[in-house]
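Reader: I should like to request a close look at a single part of this model, set out as one connected account. Please place that part within the chain as a whole.

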Amino acid sequence: MRFTEDRIPSQPIPPTKQLPLIDRDYVMMQVHESTVMAMKSYGSQAEVLVKDYLLSDPLIPYTSIICGMLMCKMVYDFTQIFSSFYFKSYTGLNKIQRLEWNNRGISTVHAIFITVTALYLVFFSDLFSDNRLAGLVIYRKSPLSNFALGVSVGYFVADLGMIMWLYPSLGGMEYIVHHFLSVISVAYTLFSGEGQLYTYMVLISEMTTPGINLRWYLDTAGMKRSNAYVVNGIVIFFAWLIARVLLFVYLFYHVYLHYYQVEQLQPFGYLLVFGVPTVLGVMNLMWFVKIVKGLKKQLAKRQ
């Protein structure tokens, strides 16, 4: 039996069904919206975790101290990597010099952080303002003030450990005394909430640290006779005069004006308010005399 072409029924192949353009846009829009909602959900969960746990009032002292120590480790590693790539003199240093180079990177970052925070809290925010009717100024605190103090405690503990481990390569006994007093006073005001204003006034003196570290970097890099070294010495002179001499005078004047509040502190807090600034003030004056002598000698050589 022969089948001819016209006896076979014609069955055209149906065209491939394609999703309309508007449907595809709708699907993509739904996928995008679900992704955005998922990201917002994760962000909200992270925010709750940070606020309710990491930065909740009872845990801030502990989490901030840990953050301070981690910051030291991260900055140390970053300084080491960055310096090895961009500073030729770094590769020619011995082991101890490299350790001090990296260590000064840590102290510089901490000094910038705590100086900015302290200046804001003491002079620009209303936290410690006399015009604010929010209780005695000696008991005022905030989550930000607590967190910054905790970061400083973590830094001072880590740095004190390095100084003692490598003693006297990273500093003599005066550095140990300075850091030891800093750890005690900052930790006490962090956990007790007493006298944070005066602690921050003292911490403003850290603003001289970047200049001191830059001077050491210039000296180590063989730039002791450069103009930058001279300018650095002049900047250190004025910064030290303001932050470590005149500011301490203002601190004691503020204590005098608010003595009726200061005398309500616990005995140990009362001792710290007077003892720590006094000891640090004497050390600052001794160092300031050395700075003046060194600057005079340097300017005499330039003439």
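Which residues form the aromatic cluster, and what surrounds them? Please begin with the annotated span at residues 175–191, for which I should like the end-to-end distance between C-alpha atoms.

Author: The model is a predicted one. In residues 175–191, the C-alpha atoms at the two ends are separated by 24 Å, and the span is 100% helix and 0% strand. Residues 268–289 are likewise 100% helix and 0% strand, and there the end C-alpha atoms lie 31 Å apart. Both spans come from an unreviewed UniProt entry, which lists as "transmembrane region" residues 108–127, 147–168, 175–191, 230–256 and 268–289.

The chain as a whole contains 11 helices and 0 strands, and its order along the sequence reads α-α-α-α-α-α-α-α-α-α-α. Of its 303 residues, 41% are buried.

Against this background, the aromatic cluster can be described. Its members are Phe 78, Phe 82, Tyr 86, Phe 87, Tyr 90, Trp 101, Trp 216 and Tyr 217. The structure holds 18 aromatic pairs. One of these is formed by Phe 87 and Trp 101, whose rings meet edge-to-face, with 5.8 Å from centre to centre and 65 degrees between the planes. Phe 87 belongs to the loop between helix 2 (60–86) and helix 3 (88–91), whereas Trp 101 belongs to helix 4, so the contact ties together parts that are 14 residues apart in sequence. The two partners can also be described by their accessibility. Phe 87 has a relative accessibility of 37% and therefore counts as partly exposed; Trp 101, at 4%, counts as buried.

A charged side chain also reaches a member of this cluster: Arg 98 lies over the face of Tyr 90, 5.4 Å from the ring centre. A further contact of this kind involves Arg 215, whose charged end sits over the ring of Tyr 229 at 3.9 Å from its centre.

Salt bridges are found in the helices that have been named above. A search of the whole structure finds 2 of them. In helix 2, Asp 77 and Lys 73 are 4 residues apart, about one turn of the helix, and their side chains meet with an N to O distance of 3.4 Å. Asp 77 is partly exposed, with a relative accessible area of 27%. In helix 4, Glu 100 and Arg 104 are also 4 residues apart, about one turn of the helix. Their closest N and O atoms are 2.9 Å apart, and both residues are buried.

Helix 4 leads on to a feature of the surface. Tyr 120, Phe 123, Phe 124, Leu 144, Tyr 250, Tyr 253, Tyr 256 and Leu 257 make a nonpolar surface patch of about 920 Å². The elements that supply two or more residues to the patch are helix 4 (95–124) and helix 9 (227–257). Helix 9 gives the most, with 4 residues. Tyr 250 is found in helix 9, and at 35% relative accessibility this residue counts as partly exposed.

To return to the part requested, the cluster includes Phe 87 and Trp 101, and through this pair the loop between helix 2 and helix 3 is tied to helix 4. Helix 4 also holds the buried pair Glu 100 and Arg 104 and contributes two or more residues to the nonpolar patch.

How values were computed:
Residues numbered from 1 in each chain as written. Predicted model: local features only at pLDDT ≥ 70, side-chain atom pairs only at ≥ 80, totals over all residues. Heavy atoms only, no water. Patch = residues over 30% accessible without salt bridge, like charges linked within 9 Å, V, L, I, M, F, W, Y side chains within 5 Å. Areas by Shrake-Rupley, 256 points an atom, 1.4 Å probe, with all protein chains shown as cover. Salt bridge = Lys/Arg side-chain N within 4 Å of Asp/Glu carboxyl O. Buried < 20%, exposed > 50% of the residue type's maximum accessible area, 1.4 Å probe, protein only. UniProt positions renumbered as here; feature names shortened; annotations may be inferred. Phe/Tyr/Trp six-rings, centres within 6.5 Å; stacked < 30°, edge-to-face > 60°. Lys NZ or Arg CZ within 6 Å of the ring centre and 35° of its normal.
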